[in-house]
Amino acid sequence: MRGACQGVFADIAGDMRAYLKSRPFCARDADQHFLRHRIRKVAQRSMLANDEWFDLPGNQPFPPHVPMTVDARYAHAGANIGAPSMQVLHEAPDGTPVRWTLYDAAG
């Protein structure tokens, strides 16, 4: 959530536990189900949602902007924009152990 008023949910932790016990969920995305089916129903009455990825009532397209990722298929509000892997061309044959040293901008 991007922001909310205090006191809207009396026992959000208890509500989430009860919701998650109501049926089996994949641990990876159980929080997203809770947000969609419990929190969003309350929040949508007073929010503007810019999201072209999820087809939820009232969503509006983003205004024109610089692409958020290299692959626009994965650009959505809340997207985990990161790099799950890295690659560099090298001359070593497949299977050759390679030592990597990573540096930040400060060296």
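These legends describe close-up views of one predicted model. Local features need pLDDT of at least 70, side-chain atom pairs count only at pLDDT 80 or more, and totals for chains, interfaces and linings use all residues. Residues are numbered from 1 along each chain as its sequence is written, and side-chain values use heavy atoms, with hydrogens and water left out.

**Figure 1. The whole protein chain has 2 helices and 0 strands.** Helices (H or I, at least four residues) and strands (E, at least two) are DSSP runs, numbered from the N terminus. The chain has 107 residues, and 13% of them are buried. Buried means under 20% relative accessible area, exposed means over 50%, and partly exposed lies in between (1.4 Å probe, protein chains only). About 9600 Å² of the chain is exposed, and carbon and sulfur atoms supply 56% of that area. Accessible areas come from the Shrake-Rupley method with a 1.4 Å probe; for residues, only the protein chains shown count as cover. Take the contacts between residues at least 6 apart in sequence: 19% of them join residues at least 24 apart. Contact means heavy atoms within 4.5 Å.

**Figure 2. Helix 2 has a kink of about 35°, centred on arginine 36.** The bend at a residue is the angle between axes fitted to the seven residues ending there and the seven starting there. Helix 2 has 14 residues. From first C-alpha to last it reaches 18 Å, close to the 20 Å expected at 1.5 Å a residue. The expected span is 1.5 Å times one less than the number of residues. Its buried residues are Ala30, Phe34, Ile39, Arg40 and Ala43. They pack against helix 1.

**Figure 3. A salt bridge joins arginine 38 and aspartate 15.** A salt bridge is a side-chain nitrogen of Lys or Arg within 4 Å of a carboxyl oxygen of Asp or Glu. In this pair the closest N and O atoms are 3.4 Å apart. The pair links distant parts of the chain: arginine 38 sits in helix 2 and aspartate 15 in helix 1, 23 residues apart. Arginine 38 counts as partly exposed because its relative accessibility is 34%. Aspartate 15 has a relative accessible area of 27%, so it is partly exposed. A search of the whole structure finds 1 salt bridge.

**Figure 4. Arginine 40 lies in helix 2 and touches alanine 49.** Arginine 40 is buried because its relative accessible area is 10%. Beyond residues up to four places away in sequence, arginine 40 touches Leu35, Met47, Ala49, Leu56, Pro57 and Asn59. Alanine 49 lies in the segment after helix 2. At 15% relative accessibility, alanine 49 counts as buried. Leaving aside neighbours within four places, alanine 49 is in contact with Arg40, Gly58, Asn59 and Gln60. Alanine 49 and phenylalanine 62 are 13 residues apart in sequence; C-alpha to C-alpha, they are 8.9 Å apart.

**Figure 5. Five residues form a nonpolar surface patch: Met86, Val88, Val98, Trp100 and Leu102.** The patch covers about 540 Å². Patches are made of residues with over 30% relative accessible area and no salt bridge; like charges are joined within 9 Å, and nonpolar side chains (Val, Leu, Ile, Met, Phe, Trp, Tyr) within 5 Å. Methionine 86 is found in the segment after helix 2 (30–43). It counts as exposed because its relative accessibility is 57%.
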